[in-house]
Structure formats: structure tokens, C-alpha cells
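Hi everyone, thanks for making time. I'd like to walk you through one model, starting with its helices and then turning to its charged pairs.

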Amino acid sequence: MNWQTVEGNWSEMKGKIKEAWGNLTDDELDVIAGKRDQLVGFIQKSYGVAREEAERQVRQFEHSGNGR
């Protein structure tokens, strides 16, 4: 899956994002609104990981489509 698919189907993808990163709130998902950089930033903040780790997790999500 590519990020354009995620962004284009954000309403449907929010559930999968929530499964992968359960610490993200519904309000944060609304702010992210399909923006990859926003997701990476919120993962960093919510999970206390480095940007590189957050990027790795999002890349893995993109490739699997099923979470981290």
C-alpha cells in the first residue's frame, strides 16, 4: 500500500491506524487527516521514540497495511 491510498481513504484507514498505534486519540487522528508527516510526529510524541523509529514504523505499516 502506498501513502496516497492511506490518505485518500483516511476515514476507513483510521481504524487500522488506531490498531497499530492505540495511544493516538480520535482528536489526534482528526488533526493528522492522512498527512504522513503529522502521523510520524504524533507517534514520536505519543510513544517517546526518535523520528527515525517513528518513520520505520510508518514504513512498515505502509508495506504491510496491517500495522507495525
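Let me begin with a yardstick: the expected span of a helix is 1.5 Å times one less than its number of residues. Please keep in mind that this is a predicted model.

With that yardstick, look at helix 4, residues 36-47. Its 12 residues reach 16 Å from the first C-alpha to the last, close to the 16 Å expected. Which residues of helix 4 are buried? They are Arg36, Leu39, Val40, Phe42 and Ile43. These residues cover an arc of only 165 degrees around the axis, so they sit on the same side of helix 4. On the other side, Asp37 and Lys45 are exposed. As for partners, the buried residues of helix 4 pack against helix 1 (3-8), helix 2 (10-20), helix 3 (26-32) and helix 5 (51-64). Just after helix 4 comes Gly48, with a positive phi of about 65 degrees.

Now helix 2, where the buried residues are Trp10, Met13, Ile17 and Ala20. Viewed down the axis, they fall within an arc of 60 degrees, so they line one face of helix 2. The face turned away from that buried side carries the exposed residues Ser11, Glu12 and Glu19. The buried residues of helix 2 pack against helix 1, helix 3, helix 4 and helix 5.

On to the charges. How many salt bridges are there? The count comes to 8, and I'll show you three.

One joins Lys14 and Asp30, with the closest N and O atoms 3.0 Å apart. This pair links distant parts of the chain, since Lys14 is in helix 2 and Asp30 in helix 3, 16 residues apart. Lys14 is partly exposed at 25% relative accessibility, and Asp30 is partly exposed at 46%.

Another joins Glu62 and Arg36, and here the closest N and O atoms are 3.1 Å apart. Glu62 lies in helix 5 and Arg36 in helix 4, so the pair ties together parts that are 26 residues apart in sequence. Is Glu62 buried or exposed? Glu62 is buried, with a relative accessible area of 12%, and Arg36 also counts as buried, at 19%.

The third is within helix 5: Arg56 and Glu53 meet at 2.7 Å, N to O. They are 3 residues apart, which means about one helical turn separates them.

Finally, back to Arg36: together with Asp37, Arg51, Glu55 and Glu62, Arg36 belongs to a network of salt bridges. Thanks for listening!

How values were computed: Residues numbered from 1 in each chain as written. Predicted model: local features only at pLDDT ≥ 70, side-chain atom pairs only at ≥ 80, totals over all residues. Heavy atoms only, no water. Helix = DSSP H or I, 4+ residues; strand = E, 2+ residues; numbered from the N terminus. Buried < 20%, exposed > 50% of the residue type's maximum accessible area, 1.4 Å probe, protein only. Arc of directions from axis to C-beta. Contact = heavy atoms within 4.5 Å. Salt bridge = Lys/Arg side-chain N within 4 Å of Asp/Glu carboxyl O.
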